[in-house]
Amino acid sequence: MRGRLFWLAFLGLALAAPLPQLYDRLEGVLARVGTANPSQALATLDQAQSLLRQEGESLPPVLRDAALGNLQEARQAVARKSQADLEARLLLVRHLLAKALYDGYFQAPPAEKPGYLSRLARAAGLGQGTLEVAGLPPEEARRRLEGRFLQLMAQDLGQALAASSRPQAYLALARAYARFLVVQDSPQSTLKAQDFVQALAKVSGGEEFRGEVRKLREKLAAWQQALGAIPAPSPQNQA
């Protein structure tokens, strides 16, 4: 009996995929999800959920559970044929993995860091220029990555304000929220998840929402200012 339990435990460990490879596989699955064919979309979401359950041991449990919850909500969006809500849920799933990749980058051995960084750039739409932080001291790499996230969040909020429809505003705001989740643990953060949730609720509820988005922009600007006040490491410290 003990031998059987040992082999079951061994098989469970063998199924756990390294985080960069887990992201690759999940990204390939999520790319096939859409509302045009609900049956196919639901089957693909089932595959994504199974992938996270069976091979997602490399994810922190809180992130894996949140990703599974958003995949379940994506199923509801497919049933309602709500493309905007579906895209928003998939954005959150990708950025929950981006959060794990972001944190994992700073803990990974030097030889594995480029793999984390390239997947982070894809998951969060950071651009290939992100790879330039490889080799920098951790504090400077974190400062630059955080600054890039804040820059993109500012663009997202601007798009939400300028949107000509509620679905466009909802998606832009959801994208800013998803990116926030990656860097929310920053000591310089002036935002909370609830700030975004309240704004998203106003958009989806048909209420006036631009005042909430402007408040988000003001808090984000304060965060950017605080981050910019951190001095870059001196050449001696980078050596």
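Let's start at serine 186, which is buried, with a relative accessible area of 10%. In this predicted model, serine 186 sits in the loop between helix 8 and helix 9. Setting aside residues up to four places away in sequence, serine 186 touches Glu146 and Trp223. A loop residue can thus be a good doorway into the fold, and from here we can step back to look at the whole chain.

The chain has 11 helices and zero strands, and reading along the sequence gives the pattern α-α-α-α-α-α-α-α-α-α-α. Of the 239 residues in the chain, 44% are buried. Now look at how the sequence folds back on itself: among contacts with a separation of 6 or more, 67% are between residues 24 or more positions apart.

With that overview in mind, turn to the interior. The largest nonpolar core has 79 residues, and the members that touch the most others are Leu120, Leu173 and Phe196. Helix 5, residues 83-105, gives this core its largest share, with 14 residues. Leucine 173 is a good place to pause. Apart from its neighbours within four places in sequence, leucine 173 is in contact with Leu157, Ala160, Phe196, Ala199, Leu200, Val203, Val213 and Leu216. Phe196 thus appears both in that set of partners and among the members of the core that touch the most others.

Next comes open space. The largest pocket holds about 210 Å³. It is lined by 16 residues, and those closest to its centre are Asn70, Arg89, Leu92, Tyr177 and Leu181. Two or more lining residues come from each of helix 4 (61-80), helix 5, helix 8 (166-183) and helix 9 (193-204). Helix 5 again supplies the largest share, here five residues of the lining. What kinds of residue make up this lining? There are 13 nonpolar, one polar and two charged residues.

Two further loops are worth a visit. Threonine 130 lies in the loop between helix 6 (113-124) and helix 7 (138-162). Is threonine 130 buried or exposed? Its relative accessible area is 6%, under the 20% cut-off, so threonine 130 counts as buried. Its side chain reaches two backbone oxygens: that of glycine 127 at 2.8 Å and that of leucine 126 at 3.5 Å. Threonine 130 also touches Leu117, Ala121 and Leu145, not counting residues up to four places away in sequence.

The other loop, between helix 4 and helix 5, is the place of lysine 81. Most residues other than glycine have a negative phi. Lysine 81, which is not a glycine, has a positive phi of about 55°. Lysine 81 counts as exposed because its relative accessibility is 62%, over the 50% cut-off.

We can finish on helix 9, where alanine 201 has its place. Alanine 201 counts as partly exposed, at 41% relative accessibility. Which distance separates the C-alpha atoms of alanine 201 and tyrosine 170? These two residues are 31 residues apart along the chain, and their C-alpha atoms are separated by 9.2 Å.

Notes. Residues are numbered from 1 along each chain as its sequence is written. This is a predicted model: local features need pLDDT of at least 70, side-chain atom pairs count only at pLDDT 80 or more; totals for chains, interfaces and linings use all residues. Side-chain values use heavy atoms; hydrogens and water are left out. A nonpolar core is a set of buried Ala, Val, Leu, Ile, Met, Phe, Trp, Tyr and Cys residues joined through side-chain atoms within 4.5 Å. Buried means under 20% relative accessible area, exposed over 50%, partly exposed in between (1.4 Å probe, protein chains only). Helices (H or I, at least four residues) and strands (E, at least two) are DSSP runs, numbered from the N terminus. Contact means heavy atoms within 4.5 Å. On a 1 Å grid over the protein atoms alone, a cavity is a set of points where a 1.4 Å probe fits but cannot get out, and a pocket is an open set with protein on both sides within 12 Å along at least five of seven lines; lining residues have an atom within 4 Å of a point. Grid points are joined across faces, edges and corners, and a volume is the space filled by probe spheres set on the points. Ala, Val, Leu, Ile, Met, Phe, Trp, Tyr, Cys and Pro count as nonpolar, Asp, Glu, Lys and Arg as charged, and the others, Gly among them, as polar. A polar contact is a pair of N or O atoms within 3.5 Å; within protein, one must be able to donate a hydrogen and the other to accept it, and residues adjacent in sequence count only if both atoms are side-chain atoms.
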